[in-house]
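Please find below a short note for your consideration, prepared as a set of numbered points.

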Amino acid sequence: MKQRKIGILSNINPKDRKGSSGTIFKISETLEKLGYEIIWIEVKINIVFKIFNKLNNLKNRFFSKKDFFHQSKLSALLINLFIDKKIINSVDLIFAPFSSTALYYLKTEKKIIYLSDATFAAMLDYYPEFSNLTQKSIREGNLIEKTAMNKASAIILSSDWAKDSAIKDYGIKEEKINVIEFGANLDEDDIQIKKAKKSGELNMLFLGVDWERKGGAIALDACKYINNNGLKCTLNIVGIKNLDCNIESLDYLNNIGFLNKNDKSQYGKLIETIQYCDCLLLPTKAECAGIAFAESSAFGLPIFSHHTGGISNYVEDGINGYLLALGSSGNDFGDKIIDCYNSGELEQMSAKAIDLYQSKLNWAVWGKRTKEVLDQMS
């Protein structure tokens, strides 16, 4: 049987563990394990693109309303000029993760699978970079998103939150959409199961690169509250490149810094840190999906976060953690964590988190379900 060639349409090299938190890498790796030949269709960010992007950023400084260049017609045009059409013609199928802009002007008879963790409409006034946009930018962003979804023969989304937006905001038929959760962007051989147990001390993990959006200040307040209420607690922070020195000096904080998964020693440090910690405390204010939730569940770490975006596909109340309402304070998170610790629920959720990872939040399951979509397109 002839090996099918799948072209990954992306600006990120499928061999790069770091790009897009390693998601493109895991998608490519999983498809290869299923027997497909993976070919990179590079979305080149050329010098002309970079110049226009810088000019746009400069212009945005002087106006209250901004233009989002990365999802604009001009951006789509510049990208399309440098997509290698010969590579497109050589593949059997195009897999386009997070590549709506690249699809806008693309003309091809090849079938397309479009994958995303959000829609443009869902991101409006949700993530900071999608706030205070001009009407022109909103119009073009929505047009590009809708065009990508209409061009695709099938759509894979990572949460019901994204699916609901695709149906409501773009009129996409439900049968065209497949909700398939992401897995952990770690090697399976490196996942070491650790079930929580009472020890009189909690090591909390904060895993993210955006301190403000991920709720860093709330996490700090929660750990302070836990310490002030009789349970020793340390917050281990991974992912922040430049943490404020006043925060870094706190005695209940361990700042590990940003870790590059492409670097073997730094990747090892990440594995070691997750294994060492007892829970994930990530009170993010806005989130599409969150690979960190899958990675934490893999290691048996109960999760405490907010009920927002696509998180509920990855964190189930009372199963592998709890999602508190947006606006919850550090004290609210602290109370919930202490209650779960004292009642023994933390240990129960640890075991359930592992079960949830093994049954749902891993790339093998993602691959099995994605192959079903691919088989329908043969």
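The points below concern one helix and the sheet beside it.

1. The model under discussion is predicted. The remarks that follow should be read with this in mind.

2. The sheet is open and consists of six strands in the order 9-8-7-10-11-12, with parallel pairing. Its edges are formed by strand 9 (253-257) and strand 12 (321-324), each of which pairs on one side only. On average, neighbouring strands of this sheet are turned by 25° against each other, direction ignored.

3. Within the sheet, three bridges join strand 10 to strand 11 in the parallel sense. Leu282 stands opposite Ser305 of strand 11.

4. Two helices lie across parts of this sheet. Helix 12 crosses strand 7, strand 10 and strand 11, and runs at about 165° to strand 10. Helix 14 lies across strand 7, strand 10, strand 11 and strand 12, with an angle of about 105° to strand 12.

5. Why is helix 12 (residues 291-298) described as largely enclosed by the rest of the structure? Eight of its eight residues are buried, that is, under 20% relative accessible area, so the description follows. The buried residues include Phe293, Glu295, Ser296 and Ser297.

6. The surroundings of helix 12 comprise both helices and strands: its buried residues pack against helix 1 (23-33), helix 11 (264-276) and helix 14 (345-359), and also against strand 7 (201-207), strand 10 (279-282) and strand 11 (303-306).

7. Gly300 follows helix 12 and has a positive phi, near 80°.

Note on methods. Residues numbered from 1 in each chain as written. Predicted model: local features only at pLDDT ≥ 70, side-chain atom pairs only at ≥ 80, totals over all residues. Heavy atoms only, no water. Buried < 20%, exposed > 50% of the residue type's maximum accessible area, 1.4 Å probe, protein only. Helix = DSSP H or I, 4+ residues; strand = E, 2+ residues; numbered from the N terminus. Contact = heavy atoms within 4.5 Å. Pairing = 2+ DSSP bridges. Axes fitted to C-alpha atoms, helices over the stretch in contact; angles between N-to-C directions.
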